[in-house]
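Here's a quick walk through one strand, its partners and a few odd backbone spots. Have the model open as you read.

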Amino acid sequence: MEKGIIARIIPLNDPNWEPLIILANRKSGSNRSDEVLSIFRGILNPIQVVDIGSVSPERVSQWLPGRCRVLVAGGDGTVSWVLNALAQCTIRQIKGQISMQITKKQVVTASHGHLQSQRSHQCVNGVLDRNRMSREREVGSGEREASVAILPMGTGNDLSRVLGWGATCSFPLNAHSIIRAVTKAVEQPLDRWRITIKPKRSRLRRTNTERTIYAYNYISIGVDAQIALDFHRARTQFLYRYASRTINYETFGFGLRRLQLVLCAGRGDNTSMAYLFLGVTRTLDDGGCHGLERRLRVRVDNDVPLSLPPLQALVMLNIPSWCAGVDLWKMGDDDEVDEQDLCDGKFEVVGISSSFQIARLQCGLAEPYRFLQASQIKIELSGKSAMQVDGEPWMQGPATIMVQQAGCVLMLKRSSTEM
């Protein structure tokens, strides 16, 4: 430790040494992260418990030991933030190691001079890219390979549901039980996807900067993203800023309870009901998503065009959970589609016909369009539409959107004996 800042953790001389690091986000879900930090600091060494609201995951990733287990307390957005930081740290390590192996003597020859150096430089970049993908795919092989578990404290918590950590966590926390579950959890590779958004030129203004985002759960364009945006705006209002997550759910109050009785007969948690309620209310205003298929031009894999029926949302799934627990890919005859996998280099493309169908999907009373599985997709969006990645929504203008694989990350799946 230097000047109160952790610079490095020297590992023990023990091949089985795998410390636990707790990362909590005070800004996620509610004000309960303070309680999480306090409880775990009372059990573990305080160095092992980090408030990433004060110390970013990017800084934490610099001193993580070679092998460790990381418990992230937060929502899907917080989990993505941590996974991105760990992935970028791994990529920098790979580049550094390869650069040390390749010397100037190896890339410059006396006979070809500068020309050979340029060609070799291009080859080196190719080697870096191939090695990066290889290391990302072969999880567990790197010198710094943190595996990540989740303490769900967000709203949707879709990845947490899939990995067995649940839809929410109950308070007061049983910290000893959580630590035991993380220790016994099994490693689960998870595909990582790079989304490149290149805005189209406008006659009235200059082109916006190209944007790159990474996804672990799902990507969508259309009315479901508009509902997520509505939900996001609702929880930033005055009442939510001074409330717990319970009030976040109960904001929808009487309307949710009526819909639960009428449509779902008691199905689902409060978050699912919130999405259901907003889905029904969006039937009165589709947010400009009507006729979305006419504004999308979609090509998959080897530039194969995808014909779209009338729809209001296009969704690309990496995990079997969407909008707080809905398994879209399994809604229908299992024989009609291939099985979904968390680390097969493919995502599932589905369509949703209307906002009211989202409410029916929450109740298991409808089926989405299940198009295909793909490893790459290119979307030409004309006009404006809401878009979301892992539950983080925004309004997207005309753009070319590319989705490509960016390796894997290493997650922890809760053991069935600990559930």
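## Strand β8 and its surroundings

Strand β8 (residues 296-300) has two faces: Leu296, Val298 and Val300 are on the covered one, while Arg297 and Arg299 are on the uncovered one. Strands here are DSSP E runs of at least two residues and helices are H or I runs of at least four, numbered from the N terminus. This is a predicted model, with local features needing pLDDT of at least 70 and side-chain atom pairs counting only at pLDDT 80 or more. Residues are numbered from 1 along each chain as its sequence is written.

Now for the partners. Two strands pair if DSSP finds at least two bridges between them. Both pairings of β8 in the table are antiparallel.

| Partner of β8 | Bridges | One bridge pair |
|---|---|---|
| β13 (residues 376-381) | five | Arg297 with Glu380 |
| β9 (residues 304-306) | three | Val300 with Val304 |

β8 and β9 make a hairpin, with three residues between them. What is phi of Asp301, in that turn? Phi there is positive, about 45 degrees. Asp301 counts as partly exposed because its relative accessibility is 34% (buried is under 20%, exposed over 50%, partly exposed in between, with a 1.4 Å probe and protein chains only). Asp303 lies in the loop between β8 and β9 as well, and its phi is also positive, near 60 degrees. Most residues other than glycine have a negative phi, and most peptide bonds are trans.

Elsewhere, a cis peptide bond joins Phe171 and Pro172, with omega about 0 degrees. Pro172 sits in the loop between α6 (158-162) and α7 (175-184).

Terms used
Side-chain values use heavy atoms; hydrogens and water are left out.
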